[in-house]
Amino acid sequence: MIPFIDLKAQYLSIKDEIDDAIKKVLGSCQFVLGEEVLNFESEFASECGSSHAIAVNSGTSALHLALLAADIGPGDEVITVPYTFVGTIAAICYTGAHPVLVDIEPRSYTIAVDQIEKAITYKTKAILPVHLYGQAADMDPIMEIAKRHHLVVIEDACQAFGAEYKGKRVGGIGDLACFSFYPGKNLGAYGEGGITLTNNATYAHTIRMLRQWGQEERYIHLLKGFNYRMDGIQGAVLRVKLKHIEAWTQARRRCAQKYNDLLSKANLITPIQAAHNRHVYHLYTIRVSNRESLSKILKEENIETLIHYPIPVHLQPAYLDLGYTAGAFPCSEEVAKQIISLPLYPEMKDSTIKAVSDIIVKSLPK
Ligand SMILES: *Cc1c(COP(=O)(O)O)cnc(C)c1O
């Protein structure tokens, strides 16, 4: 059996450090926020080149609070893509704002920059690009459009810790940026977690209050807030993992390169790394014309694969009320039919990558 990811292998490689860090939290009884979370926030902010980091209990919460800090709510529109994890769009809906969708580019799978301006109306407040699969969206034109129309830019960097755009880390480019520490993400906690980054002190202050019942002082509620705090244990685990993440990112990039080389002999589309980008391969996705037959073959060979994502959000039953129909976003819809994610994790052996690739090349010869 070749698993899609191997969280156990990673845990075993840092077991002593993790166990010590967790024991420290148990000893201190700082189970919610506390010193470990505070230290993690400042280490994470400096790692991403941002001035403020507010740790929360999920990537979705990070997005929700970023949107609220930018004063987005009912009557406002936020521009994003239909081809993303549902959490991106759910967070916009939580605020009462309306997601306005724009198709993706066919090769990078990130927002089609040339279609953004057509979607802007007098109600538009923000652009929310998604750095999908670990690759940065084309941020320069996005920032330029936002500046011209006085819009806020919120990066959904949930899949992209360590990714770079023109030498800059994602998370420090937009006005706000959000990361997820779901265990399967590149920087994964041992439970749920997320963080919002910003260089704006006012936004940071608002998010800090909203994370914890809208209070500055205990039991004095200045805003209608939430219980979105990060656990102490997650802060401690993430501090340990932050020391190793660069090596893991490099390992992911080596695995992706190996797949690219081996799969060049197969009749399929491998991922690209757009010009000026450093892709961190949260997911290694290929596109094939007959996905069902390849999935079946890989399953029979005991190779685990997943589909990210089989249905773009505008066609999901829960989001039909956004008012879009099939055909609205041709590129998203076509990619959703062809995409398949192969096993990839930093601890993956070359021989395993070769075994997966050999089967694919054999079933899809050029
Ligand atoms: C994972 C993810 C989220 C949500 O993060 P959670 O921690 O699961 O809430 C949002 N957007 C994208 C693109 C994601 O991949």
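How many helices and strands does the protein have? In this predicted model, the count comes to 13 helices and 14 strands.

Start with the overall build. For 366 residues, a compact globule would be expected to have a radius of gyration near 21 Å, and the protein comes in at 20 Å, so the two agree. Laid along its principal axes, the C-alpha trace spans about 65 × 55 × 35 Å. Of the 366 residues, 56% are buried. Contacts were also sorted by distance along the chain: among those with a separation of 6 or more, 70% join residues that sit 24 or more positions apart. As for the surface, about 15,700 Å² is exposed, and carbon and sulfur atoms supply 53% of that area. The protein carries 37 positive and 40 negative charges, and the mean positions of the two sets are 4 Å apart.

Next, the interior. Helix 9 covers residues 232–242, and ten of its eleven residues are buried, so this helix is largely enclosed by the rest of the structure. The buried set runs through Gly-232, Gln-234, Gly-235, Ala-236, Val-237, Leu-238, Arg-239, Val-240, Lys-241 and Leu-242. Note that Arg-239 and Lys-241 are on that list of buried residues. What do the buried residues of helix 9 pack against? Their neighbors are helix 1 (7–13), helix 2 (15–28), helix 3 (35–48) and helix 10 (245–263).

Strand 8 (residues 176–180) is a similar story told with a strand. Five of its five residues are buried, so strand 8 is largely enclosed by the rest of the structure. Both of its faces are covered, with Leu-176, Cys-178 and Ser-180 buried on one side and Ala-177 and Phe-179 buried on the other. Strands of a sheet pair through backbone hydrogen bonds, and the pairing can be parallel or antiparallel. Strand 8 pairs in the parallel sense with strand 5 (residues 152–156), over three bridges, and in the antiparallel sense with strand 9 (residues 194–198), over five bridges. Leu-176 takes part in both pairings: Leu-176 is the bridge partner of Ile-154, and Leu-176 also stands opposite Thr-198 in strand 9.

Strand 13 (residues 284–287) is likewise covered on both faces. Tyr-284 and Ile-286 are buried on one side, while Thr-285 and Arg-287 are buried on the other. Its partner is strand 14 (residues 339–342), and the two pair in the antiparallel sense over four bridges. Within this pairing, Arg-287 has Ile-339 of strand 14 as its bridge partner.

Now for a smaller sheet. Three strands make up an open, antiparallel sheet in the order 7-6-12. Its edges are strand 7 (168–169) and strand 12 (277–278), each of which pairs on one side only. Strand 6 (residues 164–165) joins strand 7 in the antiparallel sense over two bridges, with Glu-164 standing opposite Arg-169 of strand 7. Lys-168 also belongs to strand 7. Leaving aside residues up to four places away in sequence, Lys-168 touches Ala-163 and Ile-173. His-221, by contrast, lies 53 residues from Lys-168 in sequence and 37 Å from it in space, C-alpha to C-alpha.

Finally, a few backbone details turn up in the loops. Where does His-276 sit? His-276 is in the loop between helix 10 and strand 12, and its phi is positive, about 70°, although the residue is not a glycine. Tyr-281 lies in the loop that follows, between strand 12 and strand 13. Tyr-281 has a positive phi too, near 45°, and again is a residue other than glycine. Is Tyr-281 buried or exposed? At 5% relative accessibility, Tyr-281 counts as buried, since buried means under 20%. A further backbone feature is the peptide bond from His-308 to Tyr-309, which is cis, with omega near 10°. Tyr-309 is found in the loop between helix 11 (291–300) and helix 12 (330–338).

Key: Residues numbered from 1 in each chain as written. Predicted model: local features only at pLDDT ≥ 70, side-chain atom pairs only at ≥ 80, totals over all residues. Heavy atoms only, no water. Pairing = 2+ DSSP bridges. Rg over C-alpha atoms; globule rule 2.2 N^0.38 Å. Buried < 20%, exposed > 50% of the residue type's maximum accessible area, 1.4 Å probe, protein only. Contact = heavy atoms within 4.5 Å. Areas by Shrake-Rupley, 256 points an atom, 1.4 Å probe, with all protein chains shown as cover. Lys, Arg positive; Asp, Glu negative; His and termini not counted. Charge placed at Lys NZ, Arg CZ, Asp CG, Glu CD.
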